[in-house]
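Thanks for coming. I have a few minutes on a structure that most of you have not seen before, so let me put it on the screen.

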Amino acid sequence: MTTIDFLLQGLAVATDPMILLYALIGVTLGTAVGVLPGIGPALTVALLLPVTYGLDPAGSLIMFAGIYYGGMYGGSTTSILLNTPGESASIVTALEGNKMARAGRGGPALATAAIGSFVAGVLATMALAFLAPHIVKLALIFGPREYFALMVLAFVTVSAAFGDSALKGMTSLFIGLALALIGIDGLTGQARLSFGVPQLLDGIEVTTLAVAMFAVGEALFVAAQIGGAEDKVHAIKGGVAMSRSDWKRSWRSWLRGTAIGFPIGAMPAGGADIASFLSYGTEKRFSGHADEFGKGAIEGVAGPEAANNAAAAGTLVPLLTLGLPTTATAAIMLAGFQQFGLQPGPLLFVTAPDLVWGLIASLLIANVMLLVLNLPLIGLWIKLLTIPRPWLYAGILLFATLGTIGINPSPVELAMLTIFGVLGYLMRLYGYPIAPVVVGLILGPMAEQQLRRALSISQGDWTTLWSTPVAAGILIVAALALIVPIILRLRGKGHVLAQIGGDED
Amino acid sequence: MKHTLLSAVFAAAFALPALAGDYVIMAPAAPGGGWDSTARSMQEVLQAEGISGSVQVQNVPGAGGTVGLAQFAAGTAGDPTQLIVGGYVMVGAILTNDSPVSLADVTPIARLTGEAVGIAVSASSPIQTIGELVEMMKADPGSVSWAGGSAGGVDHITVGLLAKAAGVDPTKINYVAFAGGGEALAAILGNQVTVGISGVGEFLPQVQAGTMRMLAVSTAEKWQGTDAPTLMEAGYDVNVQNWRMVAAAPGLSAEQKAAVAADIDAMVNSAGWKAMLDTKGWANTYLAGAEFEAQLAKEIEATTAVLKDIGLVK
Amino acid sequence: MIKRLTATGRRPDGAAFIVAAGLAAGGAVLIWQAGTIPDKGGYAGIGSAETLIFVGWGLVLLALAHVVKGLRGGDGGVPRQAPVPIAFVVGGLLLQLLLLHPAGFSIAGGVLFSMTAAAFGKRNFALTLPIGIVFALVVYAVFDQVLKLNLPAGFLENLIFGG
């Protein structure tokens with residue numbers, strides 16, 4: 001059978017009415033749990049996976065796919081409306097999305113996220129079906145030196161999230177980099193900056209920091225504004241649906257986000273967070289609306305959300321073709337496969353084609369279901385903003401702490417939540433951007449470890465870092481991304497950049 | 001479907017009140033990992049087989065299990081309902097993290113499961129046997145880069161033991177630690193490193209698919225699913241197993257200890273546990289009583305020595 | 001009322017100096033700690049200490065940049081903040097931390113809930129505390145009992161769900 005036959009067969013199974021019902025239940029449950037502030041997709045999937053036990057394999061898979069996509073989309077809903085991302089990949093969504101929501105454009109922000117997720121999900125799933133064997137070869141070309149080059153590119157791109165002041169952005173980034181150094185150094189087992197506190201040996205959890213800085217910091221900041229009149233949030237201003245110009249500005253971003261997200265997600269050390277950072281930087285550079293970034297640019301929601309979803313499909317490439325789980329969610333998915341006595345691995349496409357194609361078809365169905373469920377619900381989600389603040393923020397903080405307590409109910413973890421919450425408040429107050437702190441915490445250790453791995457393999461020879469075409473190519477792109485804007489600005493031709501951006505693709 | 005959900009809700013909401021023979025099992029790791037799934041499997045089997053009326057699992061993650069171990073040792077003395085799962089990784093972590101609490105501060109009951117450590121190369125690698133690999137290490141230890149799990153973990157310790165047994169300076173091994181199994185496998189498959197070392201289970205699917213070649217396994221006997229020689233057979237005196245165990249609270253009386261050991265024994269010999277091992281793909285390496293205690297003491301001694309040799313412990 | 005600090009114009013920016021001091025202190029801690037780490041560079045040539053030194057000096061440079069910025073004058077100060085709501089939220093978080101293990105998730109969560117509501121103006125604890133506890137109990141029932149997320153149980157949870 002050809003790929004298309006398999007896919008059609010999978011779809012035939014997946015369009016059974018019972019199966020569609022499972023998909024609907026999965027998407028609903030996933031959205032319902034994922035939408036709670038501070039609870040990210042990985043936790044959502046882990047919590048809801050047992051619900052799928054006891055169903056037949058087809059039903060279980062499709063419900064799982066629904067939960068997965070529902071959880072991801074639910075997470076971006078609260079990031080946009082309440083500025084409370086529960087995981088690293090929706091941090092950049094919150095950057096522009098929350099600005100849009102505050103300006104009464106929450107509807108279009110949620111819509112572009114939903115449709116972008118759908119477009120990216122469908123395209124990336126098709127790419128998974130047809131290109132997986134080729135993409136996976138690319139993934140294996142990537143070793144420590146190539147990842148290091150990618151991290152350099154990500155660092156350069158992150159400056160897009162710095163806001164108005166480079167000094168404040170760099171300060172935030174370095175605070176994140178410093179926090180990242182706490183705990184055991186993964187490469188040597190050496191404890192750093194733990195000062196004898198055993199709970200610090202594992203370092204600072206990204207989710208704890210993100211929830212503290214965003215949700216707790218936000219609650220403190222909103223509470224402390226005297227009068228609060230100037231910070232009035234508009235639930236709705238203009239339509240809930242996307243306008244013609246929103247569509248026009250979004251579709252390229254969806255495609256760019258997908259093109260970035262899928263391959264990055266497919267790399268064993270890539271991941272949705274890196275994909276969303278890279279996409280955000282790309283959008284700022286190429287959207288032609290760079291001046292709107294930081295104030296609520298729809299491209300800044302559309303691109304990263306598409307990238308995030310495409311990367312999620314991308315992580316299935318190494319899982320299904322090589323049996324490598326590369327993210328927490330993929331590891332949970334692996335556990336799901338094991339229910340059926342299957343070990344995903346290089347032979348899975350051969351030994352269990354029904355299941356693989358069933359999964360791929362399920363992902364497509366779940367994507368459709370997500371759109372069907374969530375577009376009509378957008379009006380309802382926006383009503384969240386009309387809940388009186390005492391109840392709204394009391395609920396946000398309860399859920400924000402729930403995630404931390406559920407994973408690690410130690411006083412040290414909760415104390416960190418409080419301390420970083422206060423830090424997040426102070427940084428907001430003095431105009432320091434929050435996102436680079438979390439970005440530094442994520443990228444810092446990756447860059448450090450990949451650099452030291454590359455140097456260890458080459459026995460200390462630094463030329464290894466640009467010794468392959470891929471690594472050298474990425475470094476050149478990073479250098480250009482850094483230098484070209486500076487040169488153009490020095491020549492007083494800043495508008496040329498916007499021009500180039502506009503003509504691109 | 002609705003039915004399943006509802007019944008799950010009801011079953012949970014009207015859970016039976018506490019019975020005698022209750023246990024609280026601490027998994028000193030975050031939900032989802034190996035220790036956590038061991039604890040939850042024990043919970044399931046102990047309840048399903050009627051050995052215990054109610055079993056709860058408590059997660060206390062951190063620092064290779066030493067955070068949980070310290071809390072367990074301090075808070076449970078003399079309480080026979082408290083159990084903790086742990087493993088070989090903990091032995092190393094106690095030493096490298098300079099933990100104030102060790103396995104001597106709890107009451108080890110039994111080793112439950114175990115897995116061999118495998119040494120494997122990509123199928124396209126020129127290295128055919130473990131002997132060739134060791135010769136390369138002898139000639140230039142830095143030229144052999146090892147991809148494995150966290151520094152000071154069982155993979156790292158095995159490389160150190162192999163180097164020592166082969167007469168190579170253990171401080172000179174070029175060990176490259178990877179966080180997740182996925183990334184390490186990709187590095188081995190992509191020939192980014194010379195050789196990989198990890199739990200046999202991670203390599204077997206690749207070996208069966210012909211993308212990797214297993215050079216040796218670390219246990220005393222051959223491992224099911226591969227005909228690779230053991231390190232002993234290849235002439236290196238190394239016998240390592242990445243095991244998981246269960247321990248009870250400190251300060252138990254001999255009768256209390258025997259009662260816990262009898263419950264664990266009943267669990268291990270139940271059909272439910274055997275089925276559980278099959279689904280999870282775990283090998284039964286059950287060892288209890290004085291034999292286990294002797295084996296544990298021996299392994300702690302060997303691990304301490306090799307960690308000193310590698311330079312991770314002073 | 002707003003931006004009362006700006007009235008003074010381009011005076012040296014006190015906040016920038018405080019940030020500078022914090023960054024310099026952080027940088028110093030990193031560089032000091034780097035010195036206590038034995039060299040484990042191995043074959044890479046750079047080991048556990050080098051990144052500490054790199055980030056440490058980065059923080060020191062940023063501190064210097066903040067000093068320069070502070071001397072040039074502030075960027076406008078900040079709007080006046082209400083301290084009471086902040087005390088309520090932080091107090092709620094700390095109380096939750098202290099109560100979590102002795103009293104269980106629902107009571108600790110209920111206290112956090114009512115303290116947060118108080119920060120936002122609902123100071124009627126006789127109303128908000130029971131609502132918070134019931135709400136937290138429902139959350140406990142869904143997440144702990146149905147979804148098997150392990151949340152700390154207190155006497156209230158044991159009473160209702162039988163431990």
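I will go through chain A, then where chain C meets chain A, then one residue, and last a helix in chain B.

Please keep in mind that this is a predicted model.

Chain A first. There are 505 residues in chain A, and 64% of them are buried. The secondary structure of chain A consists of 21 helices and two strands. If we take the contacts in chain A with a separation of 6 or more, 78% of them are between residues 24 or more positions apart. As for the surface, chain A exposes about 16,700 Å², and 69% of that is supplied by carbon and sulfur atoms.

Now the interface with chain C. How many residues of chain C are in contact with chain A? The count is 63 residues of chain C, touching 62 residues of chain A. The size of an interface is often given as the accessible area lost when the parts come together. Between chain C and chain A, the buried area is about 5,500 Å², with 79% of it given by carbon and sulfur atoms. Ten residue pairs are in polar contact across this interface, both residues being at pLDDT 80 or more. The number of salt bridges between chain C and chain A is zero.

Which helices of chain C supply the side that touches chain A? Helices H1 (14-36), H2 (48-72), H3 (83-103), H4 (105-119) and H5 (125-146) of chain C each supply at least two residues. H2(C) gives the most, with eleven residues. By type, the residues on this side of chain C are 45 nonpolar, 13 polar and five charged.

Next, a single residue, A:Ser456. It sits in helix H19 of chain A, which covers residues 435-457. Is A:Ser456 buried or exposed? With a relative accessible area of 8%, A:Ser456 falls under the 20% limit, so it counts as buried. Leaving aside neighbours within four places in sequence, A:Ser456 is in contact with B:Asn174 and B:Val176 from chain B, and with C:Tyr43 and C:Ala44 from chain C.

That brings in chain B, and I will end with its helix H4, residues 88-96. The buried residues there include B:Tyr88, B:Met90 and B:Val91, along with B:Gly92, B:Ala93 and B:Ile94. What do the buried residues of H4(B) pack against? Their partners in chain B are helices H2 (34-48), H3 (66-75), H6 (154-166) and H11 (289-310), and strands S3 (82-87) and S9 (241-248). After H4(B) comes B:Asp98, with a positive phi near 60 degrees.

How values were computed
Residues numbered from 1 in each chain as written. Chains lettered and ligands numbered in written order. Predicted model: local features only at pLDDT ≥ 70, side-chain atom pairs only at ≥ 80, totals over all residues. Heavy atoms only, no water. Helix = DSSP H or I, 4+ residues; strand = E, 2+ residues; numbered from the N terminus. Buried < 20%, exposed > 50% of the residue type's maximum accessible area, 1.4 Å probe, protein only. Contact = heavy atoms within 4.5 Å. Areas by Shrake-Rupley, 256 points an atom, 1.4 Å probe, with all protein chains shown as cover. Buried area = accessible area lost by both parts, 1.4 Å probe. Salt bridge = Lys/Arg side-chain N within 4 Å of Asp/Glu carboxyl O. Polar contact = N/O pair within 3.5 Å; in protein donor to acceptor, adjacent residues only side chain to side chain. Nonpolar A, V, L, I, M, F, W, Y, C, P; charged D, E, K, R; others polar.
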